[in-house]
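Colleague: I'd like to learn how to read a few features off a model. Can we go through them one at a time?

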Amino acid sequence: MAKKERTFAAKLAHESRTSHKEMCTVCGKEKVPVVYIAARTGLKNTWRPQRRRVKVCDCNRKEIYG
C-alpha cells in the first residue's frame, strides 16, 4: 500500500507537538511558525503563488506582515 500524504493541517499540528519553543536571539521573543504566501512571476509573465513556512518574531514581523 502507498503511504498517505499528510495534509497541511496535520503537518502544522505535528510541528507544534514535536518542536520546542524557539526563541529569537535578538529580541528574546518566541518565534511563531506561519505560512507566507508570496506572488511570484512564472513563465510567460503569469503570476503564481509561492508558499513558504517562515518563523515570525518581533524582529521580522514588519517584513512579513508589511
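Colleague: Which residues form a nonpolar patch on the surface?

Modeller: Some ground rules to begin with. This is a predicted model, where local features need pLDDT of at least 70 and side-chain atom pairs count only at pLDDT 80 or more, while totals for chains, interfaces and linings use all residues. Residues are numbered from 1 along each chain as its sequence is written, and side-chain values use heavy atoms, with hydrogens and water left out. A patch takes residues with over 30% relative accessible area and no salt bridge (a side-chain nitrogen of Lys or Arg within 4 Å of a carboxyl oxygen of Asp or Glu); nonpolar side chains (Val, Leu, Ile, Met, Phe, Trp, Tyr) are joined within 5 Å, like charges within 9 Å. Here the patch is Phe8, Val35 and Ile37, which together have about 230 Å² of accessible area (Shrake-Rupley method, 1.4 Å probe, with only the protein chains shown as cover).

Colleague: Where is Val35 placed?

Modeller: Strands are DSSP runs of E, at least two residues, and helices are runs of H or I, at least four, numbered from the N terminus. Val35 is in strand β1, residues 32-41. Val35 counts as partly exposed because its relative accessibility is 30%; buried means under 20%, exposed over 50%, and partly exposed is in between (1.4 Å probe, protein chains only).

Colleague: What sits over the ring of Phe8?

Modeller: For a charge to sit over a ring, NZ of Lys or CZ of Arg must be within 6 Å of the ring centre and within 35 degrees of the ring normal. In this case the charged end of Arg51 does so, 5.2 Å from the centre of the Phe8 ring.

Colleague: And which backbone atoms lie by the side chain of Asn60?

Modeller: Think polar contacts: pairs of N or O atoms within 3.5 Å, where within protein one must be able to donate a hydrogen and the other to accept it, and sequence neighbours count only if both atoms are side-chain atoms. Polar atoms of the Asn60 side chain lie 3.0 Å from the backbone oxygen of Lys55 and 2.9 Å from the backbone nitrogen of Cys57. Asn60 itself is in the loop between β2 (47-56) and α2 (61-65).

Colleague: What is phi of Lys44 and of Asn45?

Modeller: Look for a positive value in a residue other than glycine: phi is near 60 degrees for Lys44 and near 55 degrees for Asn45. Lys44 is in the loop between β1 and β2, and so is Asn45. Lys44 counts as exposed because its relative accessibility is 81%, and Asn45 is exposed at 71%.
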